[in-house]
Amino acid sequence: MQDPNADTEWNDILRRKGILPPKEKTNPEEEQIVQQQQSVVKTYEDMALDELEENEDEFSEEDERAIEMYRQQRLAELKATQLKNVFGEVTEISGQEYIQQVNKAGKDIWVILHLYKQGIPLCTLINQHLGSLARKFPQTKFLKSISTTCIPNYPDRNLPTIFVYHEGDMRAQFIGPLVFGGMNLKIDELEWKLSESGAIETDLEETPKKQIEDKLMTSVRCTALTKKDSDSEEDY
């Protein structure tokens, strides 16, 4: 749809015919001031914080007030981003640290805790995967703890175990080797599983399991077709 306030030849014709109302007259000085202000806003919004400091002598007092507000906003956004990226590794904790590290992790902090034991191959594999995922998602806190250190008498048959917390509340739990699919567990599959709990925001578009299932089905179909062709040849 065409803007009726736009300065176009067609709109001028419509105004002369009385179809559009006359355009409101604007004060040229006011219009120039608005354009200058818009230009300033566009200029300092495109600048980094150090560039704002270098060019602050070129702005008026009113511009400087607006720029200071904008600078504070940028600093707050930068600080928030830094706070969200303070992890980046899997931290070992003891039972005594559980409350502080998990229940009191902080506002809007997701926590992934892996209970494991040395000598269990799947636990070792998951720790390796979690190390990579911790670097990929530094805004999420990744923790690990020897199971019986964290929870006395925790049964080995439940290992590996992953608990997912958000602001101290448990949001998901994955218990035992069958949940993870055994030693065939791929890092993408673990990433997808954790993303379904909300702990991380994956860029994967679909579950990797589906891709594997599709390949298996294709393989089965190809095998069936090959066998059918072979049987047909034997009939001749």
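# A tour by loops, a helix and salt bridges

Start by selecting Asn153, which sits in the loop between α7 and β4. Those labels come from DSSP runs, numbered from the N terminus: helices are H or I with at least four residues, and strands are E with at least two. Before you go on, note that this is a predicted model, where local features need pLDDT of at least 70 and side-chain atom pairs count only at pLDDT 80 or more, while totals for chains, interfaces and linings use all residues. Residues are numbered from 1 along each chain as its sequence is written, and side-chain values use heavy atoms, with hydrogens and water left out.

**Stop 1: backbone oddities**

Stay on Asn153. What is its phi? The value is near 65°, which is positive even though the residue is not a glycine. Most residues other than glycine have a negative phi, and most peptide bonds are trans. Asn153 is also exposed, at 72% relative accessibility. Here, exposed means over 50% relative accessible area, buried means under 20%, and partly exposed is in between (1.4 Å probe, protein chains only).

Now pick Pro160, in the loop between α7 (147-150) and β4 (161-166). Zoom in on its link to Leu159: the peptide bond joining the two is cis, with omega about -5°.

Next, hop to Glu167, in the loop between β4 and β5 (169-175). This is another non-glycine with a positive phi, about 55°. Glu167 counts as partly exposed, at 39% relative accessibility.

**Stop 2: helix α6**

Select residues 121-136 to light up α6, a helix of 16 residues. From first C-alpha to last, α6 reaches 23 Å, close to the expected 22 Å; the expected span is 1.5 Å times one less than the number of residues.

Which residues of α6 are buried? Try colouring Leu122, Cys123, Leu125, Ile126, Asn127, His129, Leu130, Gly131, Leu133 and Ala134. Then show what these buried residues pack against: β1 (90-92), β2 (110-116), β3 (141-146), β4, α8 (177-180) and α9 (187-197). Contact here means heavy atoms within 4.5 Å.

**Stop 3: salt bridges**

How many salt bridges are there? The count comes to 4, using a side-chain nitrogen of Lys or Arg within 4 Å of a carboxyl oxygen of Asp or Glu as the rule. Side chains of opposite charge can pair when their charged atoms come close.

Select Lys117 and Asp156, whose side chains meet in a salt bridge at 3.0 Å, N to O. This pair ties together distant parts of the chain, 39 residues apart: Lys117 is in the loop between β2 and α6, and Asp156 is in the loop between α7 and β4. Both are partly exposed, Lys117 with a relative accessible area of 22% and Asp156 with 41%.

Now go to Lys136 and Glu191, which form a salt bridge at 3.1 Å, N to O. They are 55 residues apart, with Glu191 in helix α9 and Lys136 in helix α6. Is each one buried or exposed? Glu191 is buried at 2%, whereas Lys136 is partly exposed at 41%.

Keep Lys136 selected and add Asp203: their side chains meet in a salt bridge at 3.6 Å, N to O. Asp203 lies in the loop between α9 and α10 (208-235), 67 residues from Lys136. Asp203 is exposed, with a relative accessible area of 59%. Finish with Lys136, Glu191 and Asp203 on screen together, since salt bridges that share partners join them into one network.
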